[in-house]
Amino acid sequence: MVAPPQPTIGFEDIAFHVHWDVLGIVAALALGYAYALRRLGPDHAPTGEPAVTRRQILWFSGGLVLFFVARSWPLHDMGDQSLFLFHMIEHLVLALAVPPMLLLGTPTWMMQMIVAPILPALRFLTRPLIALVLFNGVLAYIHSPVVIEAMLRNEAVHLGLHLALIVSAVLMWWPVVGPIPEIPKLSPFMAMGYLFLQSLVPTVPASFLTFASAPVYDVYLDLPRLWGLSVLDDQLIAGLIMKIGGGLFLWAVITTIWFRWAAAEERATKRGPVIPSGA
């Protein structure tokens, strides 16, 4: 039986409202960050070094802003009320952009205090293979039809699963941008290979969405269609966003690592070999 066509709506039909839960999370993280810098930084930051750099503040603030934008009106609401492609954009932002920005924005001394009680477990969970499996397992789980429907029906479930996605993404990104020496980062060469592997894994579910000839998420059959975009076209675009958009982002990071590695090698070559004193 063919589902009847759903009504077409415009952007003006996506009613504005404040997501107080998201605002509360952002405010709590921002206040906690500021408190730690002001009250704890002077006693715990390395002697002679600032508690935080301007670049770290920009990274952390940018991560909070992106989290707020992804989880708020209009992006979040368009994904909930009409088009899956916006849901996919939201997931990619929460998985690929927010976690590394928060990690890069957290000073070493602060992160050491945060993870001290769970450091042994964190060492295990951030092993590259373990982190990849966990992250992609969560990613696959939250894109299953039953879970997508539960997320759209219950906002608490939606927020909880998004937080689980972010936590798993933090573990995935840790081997590349982890800020503490207790868990060493991968070498540039290994980091590029690690991210290359990560760029390949999501192509499987993305291809499934792109080439599906029938709706994968029945819950979207009941929703009005923003700008008249059909369910299948919406699904196709979402798959392309996951496959191409996510892949391009990861390849941009790989390219950045490559150029930084090459520049560091060039500087080391120009300095020449280090001659021990007294030789």
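How buried or exposed is V22, going by its relative accessible area? Select V22 and find out: V22 is buried, with a relative accessible area of 0% (buried is under 20%, exposed over 50%, partly exposed in between, with a 1.4 Å probe and protein chains only).

Before you click further, some ground rules. You are looking at a predicted model, where local features need pLDDT of at least 70 and side-chain atom pairs count only at pLDDT 80 or more, while totals for chains, interfaces and linings use all residues. Residues are numbered from 1 along each chain as its sequence is written, and side-chain values use heavy atoms, with hydrogens and water left out.

**Stop 1: around V22**

Keep V22 selected and show its contacts (heavy atoms within 4.5 Å). Leaving aside residues up to four places away in sequence, V22 touches F67, F68, R71 and S72. For a sense of scale, add E49: its C-alpha lies 33 Å from that of V22, with the two positions 27 residues apart along the chain.

**Stop 2: helix α1**

V22 lies in helix α1, so widen the selection to residues 20–44 (helices here are DSSP runs of H or I with at least four residues, strands are runs of E with at least two, both numbered from the N terminus). The 25 residues of α1 reach 33 Å from first C-alpha to last, close to the 36 Å expected at 1.5 Å a residue (that expectation is 1.5 Å times one less than the number of residues).

Now look at R38, where α1 has a kink of about 40 degrees, shortly before the proline P42 (the bend is the angle between axes fitted to the seven residues ending there and the seven starting there). Then colour V22, V26, Y33, A36, L37 and G41, the buried residues of α1. They pack against α2 (54–70), α4 and α5 (108–115).

**Stop 3: the aromatic pairs**

Show the rings next. The whole structure holds 10 aromatic pairs (rings of Phe, Tyr and Trp, the last by its six-membered ring, with centres within 6.5 Å; planes under 30 degrees apart are stacked, over 60 edge-to-face, the rest tilted).

Select F84 and Y220: this pair is edge-to-face, 5.6 Å centre to centre with 70 degrees between the planes. F84 sits in α4 (residues 84–105) and Y220 in the loop between α11 (203–211) and β2 (225–226), so the pair ties together parts 136 residues apart in sequence. Both F84 and Y220 are buried.

Move on to F196 and W251, an edge-to-face pair at 5.7 Å and 75 degrees. This one links helix α10 (residues 188–200), home of F196, to helix α12 (residues 231–271), home of W251, across 55 residues. F196 is partly exposed at 37% relative accessibility, and W251 is partly exposed at 41%. While the rings are on, pick out F11, F16 and W73, a cluster linked by ring pairs.

**Stop 4: the core**

Select W173 and L195. Of the 73 residues in the largest nonpolar core, these two touch the most other members (such a core is a set of buried Ala, Val, Leu, Ile, Met, Phe, Trp, Tyr and Cys residues joined through side-chain atoms within 4.5 Å). Helix α4 gives the largest share, 12 residues. Beyond four places in sequence, L195 touches W173, V176, L250, V253, I254 and I257.

**Last stop: zoom out**

Switch to cartoon for 12 helices and 2 strands. Of the 279 residues, 42% count as buried, and the C-alpha atoms fill a box of roughly 85 × 40 × 35 Å along the principal axes.
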